[in-house]
Amino acid sequence: MVKTYIFRFLIAVLTSIFMGLLYMGIGRKFMARIRRCYAGPFYQSYIDVIKLFSKNSISHNWIMDFGVMMGFAGIIATVVFLPIGPFNVFPDMKGNIIIIMYFMTIGYLGMAMGVAASGNPNATIGIARALSLMIGYEIPFALSVILLIFANRSSLLYDMVLSQHGSFLNWNMFRYPFAFAGSLIALQGMLGEQPFDAMIAPAEIASGPMVELSGKFLGFGFLQHASQIFLETGIIAAMFLGGGTILGFFTKQLILYLITLSIAAVFSRYRFEDAVKFFWIIPTLLVLLQLVIFLA
Amino acid sequence: MILSSTKELKDKGFEQILDFFRKKSLWMLHYCTGCGAVELPPTMTSRWDMERFGMGPMATPRQADLLLITGYLSVKSLKRVIYTYEQMQEPKWVIAFGSCPINGGIYYDSYSVINRLALYLPVDLSIEGCMPRPEAIIDGFTKLMKAIEKGEAVGYKKYKENYEWYKKNQREVLERTTPVL
Amino acid sequence: MTEILTFLGKEDQYEKYELFFGPNHPGMHGNFSYILTVEGHTIKKVDPDPGLLHRGFEKLAERRKWMQNIALIPRICVPEPDINEVIYSISVEKLMEIEVPLRAQYIRTIILEMARIGAFLFGFGGIGGATGLYTASYWTIADRDYLLDLFEWLTGARVYHMFIVPGGVRRDLPSGWIEKLSETVDYLQKRLYEYDRLIYNNPLIVKRLKGIGKLTKEEAIEYGITGPNLRATGVKYDTRKMVPYAAYDRIDFQIPVQSDGDGLARAIQRREEFQLSLEIIRKAIKDLPDGQVRAKMPNPLKFNVPKGEIYVKVESARGEHAYFIVSNGKDKPYRMAVRGGSYTAGLVLAQKILVGMRIEDVALWMSTMDICPPDFDR
Amino acid sequence: MEQKELIEHIEKNFKYKKEIKVIDGKQFTITVEKDKVLNLLSFLKLIDFKQLALITAVDWIDEKKFEIVYILFSYSHIQQILVKTFVDRDNPQVETVKNLWDVASMYERDVHEFFGIDFIGNDDLRPLILHNWKDLPPLRKDFDSLKYSNKMFGKFKKDEEI
């Protein structure tokens, strides 16, 4: 029994990393076409990760080791609760969205701990921005989660997916369009793409949290980002696009990711407090409006 | 621990496989040390698109594999470049642009520009031209990739082995206490 | 809330730290460094640390003959090298009292405006890079290459052309070049509307640029700010119009001005001047006269320049680029001092205006002011 | 004002000993004693020469003098004035003008570094551009750049290299 769970767990984690890196590669090609060039092959991200793990890396102290690992582990642990299409690591748990939301922050907190230990002011500023941005996008996201919990009378992602079965018009995307729009904006922030990339901002704080990460640490950062893309697009796909079969689920994720990127390609970055303000006004109001419509 | 260095991966065959991945994903440091840097944006962006080779600019020395000395180096820059080089993680490579890092180039008689970079840092490859055209830069990068694949680009090992010699040369320029003339 | 935090943080010394903005910082333009003392996100003190690009041009020029210097001086300013050649040539011509053929003057004008457009395109890309709109930098820098191709056709080099020499220009225009140039100008005009949509009408860029580094007319003049940055504050002065050189006195054009003097005004001013440069090229092509392209000059390796001194300035994309040249009648310049366009903006104004600004605006401020470190490092 | 009127105005209102020379239609030089520089510059600033474009120096080694040049520009007269003064080469000292223009402090720091000229009253003359400089200021005429470069950075010898 335990063995099966471990096996299923590994499958989920590896899928998330594999697919996340694939999305990144495809995303880079996609971005490049907007910028009128070609970029590398779609498997470039895999090469990058292997290279990063083959490099020497410097660790400032054990907290940095631990923090980076914890950041990665936090995201992995969240992936476990995500229903990947029909596949669930723990079939009985059915992806409680409250747990997912809670675990998702652990990734950031771990990263915060790790990079704060590196002692570089740029990293500290970067992680402070990341955490404040998180407060920003969590509000519209949490509100739309609450909306869906109300609507389905269940906090399980699995139930939410089930309720959208049948025609695609049953998808929450069409049932609750304003909430979907709000969540899409929140997704932009979760993925840290422009206009909400104030935490990375190379021209301001030299890539922020990653500034002191080298070799394997950066490799873990890369993997974390890959899993994060998989996880966050996955959550939205399950919440609003009706999950679906494995392939359908992956396609939906990719489409969500590409929408994010095409917005990112033509916008510059917000200052982080402007970004937080924006999150608290536009997407929050959108979701609230939906909530009012739903309750009325 | 998982995070220990690659030192235990002594196996030659394994190292060769890794070299394949390293050459396919060279990340350069986004640091313009001299005027050759003006040809880097065209190389990076749409027209020459160096990302096709898996290369990209990186924000900090910690993340980079490749240090580009784009043209001449003033003494003041040399100090920063050495710091930067030592912050980078192995394996790492240095590419020198143009004639200035070889013998001073047009600045051979300048009081502020070093004449030969190889005395202070191990240079893996020099690209000709003042300044090198984007084609030449990309050609240089592909040559470096070949050298990495063959295991010939070992400047960072040379630096470690002859650390004292390099440090002596660096100190002579940077920490002089008496007038030169 | 802020008041409470300020009160609590009043005695707190841990909050202050030093941030090395550059030299290898992705937001830094070129090789230059500000040592910022930062409190939280706000800058408290700025200490510029130039010299990383110092090559000692002023000394090297004294060691080379008048004609040899043509190879040296374009390297002072990398994004727009032709202005150096033209200042130097004008100085030598004025000291030697040489009359430059009209066709050469027009060709100089075209070259200067092309270089100016190239520098502006770099500048647009810089704004994109500083705000995270990388698409803008990809597009503008690729478009700049069309100009570089023309330069290559004309002079054989992409960046350092060494085309403008004392007495005129090095050679006449090759056949077909002018037609290609008009095509490129039309293309750039079309692209400019695209940039409008991407950059200047982009609400987020406008939001970011608005209010950054606001300057008044008086401050700008006091601090020696010149060029587009000065015109963005409302001073209607353009060296090309007021103290004309090359063929600018024969070409009719209007000087665009803005009034706000902040980052947005500077960016829009640059966009307007891009448009102006395209127009000047069009007019210059239309009026281009026939004739010689080079006045008769003595043997280039032997000629001496009569005693005298002169301060020549031209309008570059970053402001007034100027040389102060002293000749003692020998075959080498006795003294050549360079005044780069962004000298005062990068070294002096920065110390004043960056204080109180936030770290995320430093790179943006630098790209709206078009600060170019070789200007003050020389 | 046109150049001619301007020169007349300066002749009339600035009483100290001076020498005015016209270079071309848009610029002219005024040479004064070194202790009158500050007076002249503040006078010129009053008649709208608001921009201090550059402070630089020339080393006249044969006459054992440094020439200090202040380059001013007026946006209303469209005229460039080169204010010049000579100081003794053995004891090069001149009063600072940083109280008139903020930008002057940086120019003076620059000139101090490259010529070794002291600006009395400017307390911020830290090295600006050069790194760890121990020799003569480099822009003096008796400083040999090539000799310095060869000795400091070494002629390229192939066999020395590793």
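**Exercise 1. A positive phi in chain D**

In which loop of chain D is D:Lys64 found? Give its phi and decide whether D:Lys64 is buried or exposed.

Solution. The model is a predicted one.
- Step 1: place the residue. D:Lys64 sits in the loop that runs between strand 3 (51–60) and strand 4 (65–74) of chain D.
- Step 2: read the backbone. Phi of D:Lys64 is positive, about 55°, although the residue is not a glycine.
- Step 3: count neighbours. D:Lys64 has 11 other C-beta atoms within 10 Å, and the cut-off for exposed is 12 or fewer. D:Lys64 is therefore exposed.
- Step 4: check the confidence of the chain. Chain D has an average pLDDT of 83, and 95% of the residues score at least 70.

**Exercise 2. A positive phi in chain A**

Repeat the analysis for A:Ala39: where does it lie, what is its phi, and is it buried or exposed?

Solution.
- Step 1: A:Ala39 belongs to the loop between helix 1 (2–34) and helix 2 (44–54) of chain A.
- Step 2: its phi is near 65°, a positive value in a residue other than glycine.
- Step 3: there are 21 other C-beta atoms within 10 Å of A:Ala39. The cut-off for buried is 20 or more, so A:Ala39 is buried.

**Exercise 3. A cis peptide bond**

Which two residues of chain A are joined by a cis peptide bond, and where is the proline?

Solution.
- Step 1: the bond joins A:Gln194 and A:Pro195, with omega about 0°.
- Step 2: A:Pro195 is in the loop between helix 8 (177–190) and helix 9 of chain A.

**Exercise 4. The sheet of chain D**

Describe the sheet of chain D by strand order, edges and twist, then add the helices that pack against its strands.

Solution.
- Step 1: five strands of chain D make an open, mixed sheet in the order 1-2-5-4-3.
- Step 2: strand 1 (18–24) and strand 3 of chain D are the edge strands, each pairing on one side only.
- Step 3: from one strand to the next, the twist averages 20°.
- Step 4: helix 1 (residues 3–13) of chain D packs on the sheet and touches strand 1, strand 2 and strand 5 (79–88) of chain D. Its direction makes about 15° with that of strand 2 of chain D.
- Step 5: helix 3 (residues 104–115) of chain D lies across strand 3 and strand 4 of chain D, at about 15° to strand 3 of chain D.
- Step 6: for one pairing in detail, strand 1 and strand 2 (residues 27–32) of chain D are antiparallel, with six bridges. D:Asp24 has D:Gln27, in strand 2 of chain D, as its bridge partner.

**Exercise 5. Two helices of chain B**

How do helix 3 (residues 75–87) and helix 7 (residues 163–174) of chain B cross, and which residues meet?

Solution.
- Step 1: the two quantities to look for follow from a general convention. Two packed helices are described by the angle between their axes and the distance between the axes.
- Step 2: the axes of helix 3 and helix 7 of chain B come within 10 Å and cross at roughly 145°.
- Step 3: helix 3 of chain B passes helix 7 of chain B in a left-handed crossing.
- Step 4: B:Val75, B:Leu78, B:Lys79 and B:Ile82 of helix 3 of chain B meet B:Gln170, B:Val173 and B:Leu174 of helix 7 of chain B.
- Step 5: sorted by class, this contact has five nonpolar residues, one polar and one charged.

**Exercise 6. A buried helix in chain C**

How many residues of helix 14 (residues 359–369) of chain C are buried, and what follows?

Solution.
- Step 1: eleven of the eleven residues are buried. Among them are C:Glu360, C:Asp361, C:Trp365 and C:Met369.
- Step 2: helix 14 of chain C is therefore largely enclosed by the rest of the structure.
- Step 3: just after helix 14 of chain C, C:Asp370 has a positive phi of about 55°.

**Exercise 7. Contacts between chains**

Which pair of chains has the most contacts, and what does chain C supply to the contact with chain B?

Solution.
- Step 1: five pairs of chains touch, and chains B and C have the most contacts among them.
- Step 2: 27 residues of chain C contact 31 residues of chain B.
- Step 3: helix 6 (134–155) of chain C is one of the helices that supply at least two residues of this side. Helix 6 of chain C gives the most, five residues.
- Step 4: the side of chain C that touches chain B divides into 13 nonpolar, eight polar and six charged residues.
- Step 5: between chains A and C, 21 residues of chain A contact 22 residues of chain C. Helix 9 (residues 202–205) of chain A gives the largest share of the chain A side, four residues.
- Step 6: chain A and chain D have no contact, and their closest C-alpha atoms are 25 Å apart.
- Step 7: for the complex, the predictor gives an ipTM of 0.86 and a pTM of 0.89.

How values were computed:
Residues numbered from 1 in each chain as written. Chains lettered and ligands numbered in written order. Predicted model: local features only at pLDDT ≥ 70, side-chain atom pairs only at ≥ 80, totals over all residues. pLDDT = per-residue confidence, 0-100. Contact = placed C-beta atoms within 7 Å. Axes fitted to C-alpha atoms, helices over the stretch in contact; angles between N-to-C directions. Left-handed = near helix turned anticlockwise from the far one by under 90°. Nonpolar A, V, L, I, M, F, W, Y, C, P; charged D, E, K, R; others polar. Pairing = 2+ DSSP bridges.
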